[in-house]
Amino acid sequence: MCDIRLFKSAYTDLELAEEIYRIPRNDEAFLNGIAYHLQQSVEKLLKAFLECKGVTVPNTHDIYRLVRMSRNNGSNIIITEWLENRADTLTRWEMDTRYNMDYSVESDKVKEGIEEIRHLFDINGLKRELRQELQDTGMKEKLASFFPKAFVPADDFEWNCFYQIYRKQLLKK
């Protein structure tokens with residue numbers, strides 16, 4: 001059983017970025033903070049899927065490397081074209097937004113990042129409300145068959161995560 005807390009932390013970073021963006025400020029440090037949370041969201045999401053696949057994840061912030069590892073190890077994450085094309089940019093957001101005082105992320109890039117990373121979570125069915133596939137009791141029971149007997153996911157978000165983790169096996173059953 002993999003640890004869902006990393007998925008929750010990734011989702012929280014996305015929500016933080018979205019909330020901060022709603023505050024009307026066009027300040028460089030403010031935008032850099034949003035970009036940092038977006039990078040963290042993607043990094044944690046990729047690592048969560050890899051760990052659930054049984055892959056030992058290195059201590060890295062390199063999004064391109066994590067995307068490659070996800071592809072090479074059969075991770076169940078659906079990777080978007082935007083993520084593949086912006087992996088190096090996201091990696092820069094981790095370090096440069098915190099340590100390079102001359103670095104600033106443009107507002108339109110932050111807005112695009114929020115939209116695209118929200119899309120990444122959406123296509124992977126990771127959201128607070130129960131995903132459509134799990135509205136069917138039979139599918140929920142099939143998914144529960146992968147859990148230890150006494151285990152029940154704590155909320156809809158956890159059910160959604162486990163569905164995505166076991167999606168390939170569920171579709172084979």
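Where does Phe-146 lie? Select this residue to begin the tour of what is a predicted model, and you will find Phe-146 in the loop between α6 and α7. Its relative accessible area is 25%, so Phe-146 is classed as partly exposed. With Phe-146 still highlighted, add Gln-169, which is 23 residues away along the chain, and display the distance between the two C-alpha atoms, which comes to 9.5 Å.

**The helices on either side of that loop**

Next, select α6 (137-144) and α7 (156-172), whose axes come within 10 Å and cross at roughly 80°. An angle between 65 and 115 degrees counts as roughly perpendicular, and α6 and α7 are therefore described in that way. To see where the two helices meet, show the side chains of Met-139, Lys-140, Lys-142, Leu-143 and Ala-144 in α6, together with those of Trp-159, Phe-162, Tyr-163, Tyr-166 and Leu-170 in α7. Coloured by class, the residues of this contact divide into eight nonpolar and two charged, with no polar residue among them.

**The nonpolar core**

Leu-143 offers a way inward, as it is one of the residues with the most contacts inside the largest nonpolar core, a set of 52 residues in which Phe-7, Leu-45, Ile-63 and Leu-83 are also listed for their contacts. The elements that give two or more residues to this core are α1 (5-22), α2, α3, α4 (81-99), α5 (107-123), α6 and α7, and of these α2 gives the most, with 11 residues.

**α2 against α3**

Turn now to helix α2 (residues 28-52) and helix α3 (residues 63-72), which pack with their axes 10 Å apart and at an angle of about 25°. The two helices are therefore roughly parallel to each other, and α2 passes α3 in a left-handed crossing. On the α2 side, the residues to select for this contact are Gln-39, Val-42, Glu-43, Leu-46, Lys-47 and Leu-50, while α3 contributes Ile-63, Leu-66, Val-67, Met-69 and Ser-70. By class, the residues of the contact comprise seven nonpolar, two polar and two charged.

Within this contact, centre the view on Ile-63 and, setting aside residues up to four places away in sequence, look for what it touches: Gln-39, Val-42, Glu-43 and Leu-46, and also Leu-83, Ala-87, Leu-90 and Thr-91.

From there, follow the chain to Asn-73, which lies in the loop between α3 and α4. Asn-73 has a relative accessible area of 34% and is partly exposed. Apart from its neighbours within four places in sequence, Asn-73 is in contact with Leu-50, Lys-53 and Val-55. By contrast with these contacts, a line drawn from the C-alpha of Asn-73 to that of Arg-86, 13 residues apart in sequence, spans 21 Å.

**α1 against α5, and two residues of α2**

For the next stop, display α1 and α5, which pack at an angle of about 145° with their axes 11 Å apart and whose crossing is left-handed. The residues that meet here are Ala-10, Tyr-11, Leu-14, Glu-15, Ala-17, Glu-18 and Tyr-21 in α1, and Ser-107, Val-110, Lys-111, Ile-114, Ile-117, Arg-118 and Phe-121 in α5. This contact has nine nonpolar, one polar and four charged residues.

Centre on Phe-121, in helix α5, which counts as buried at 0% relative accessibility. Beyond the residues up to four places away in sequence, Phe-121 touches Ala-10, Tyr-11, Leu-14, Ser-41, Leu-45 and Leu-126. Tyr-11 is 110 residues from Phe-121 in sequence, yet the two are 8.0 Å apart in space, C-alpha to C-alpha.

Ser-41, one of the residues that Phe-121 touches, has its place in helix α2 and is buried, with a relative accessible area of 0%. Leaving aside neighbours within four places in sequence, you can show Ser-41 in contact with Ala-10, Asp-13 and Leu-14, as well as with Ile-117 and Phe-121.

Finish at Ile-34, which is also found in helix α2 and counts as buried at 0% relative accessibility. Ile-34 touches Ala-17, Ile-20, Tyr-21, Val-110 and Ile-114, again not counting residues up to four places away in sequence. As a last distance to display, the C-alpha atoms of Ile-34 and Ala-48, 14 residues apart along the chain, are separated by 21 Å.

Definitions and conventions:
Residues are numbered from 1 along each chain as its sequence is written. This is a predicted model: local features need pLDDT of at least 70, side-chain atom pairs count only at pLDDT 80 or more; totals for chains, interfaces and linings use all residues. Side-chain values use heavy atoms; hydrogens and water are left out. Axes are lines fitted to C-alpha atoms, for helices over the stretch in contact, and angles run from 0 to 180 degrees between N-to-C directions. Helices (H or I, at least four residues) and strands (E, at least two) are DSSP runs, numbered from the N terminus. Angles under 35 degrees count as roughly parallel, over 145 as roughly antiparallel, 65 to 115 as roughly perpendicular and the rest as oblique. A crossing is left-handed if the near helix is turned anticlockwise from the far one by less than a right angle, and right-handed if clockwise. Contact means heavy atoms within 4.5 Å. Ala, Val, Leu, Ile, Met, Phe, Trp, Tyr, Cys and Pro count as nonpolar, Asp, Glu, Lys and Arg as charged, and the others, Gly among them, as polar. A nonpolar core is a set of buried Ala, Val, Leu, Ile, Met, Phe, Trp, Tyr and Cys residues joined through side-chain atoms within 4.5 Å. Buried means under 20% relative accessible area, exposed over 50%, partly exposed in between (1.4 Å probe, protein chains only).
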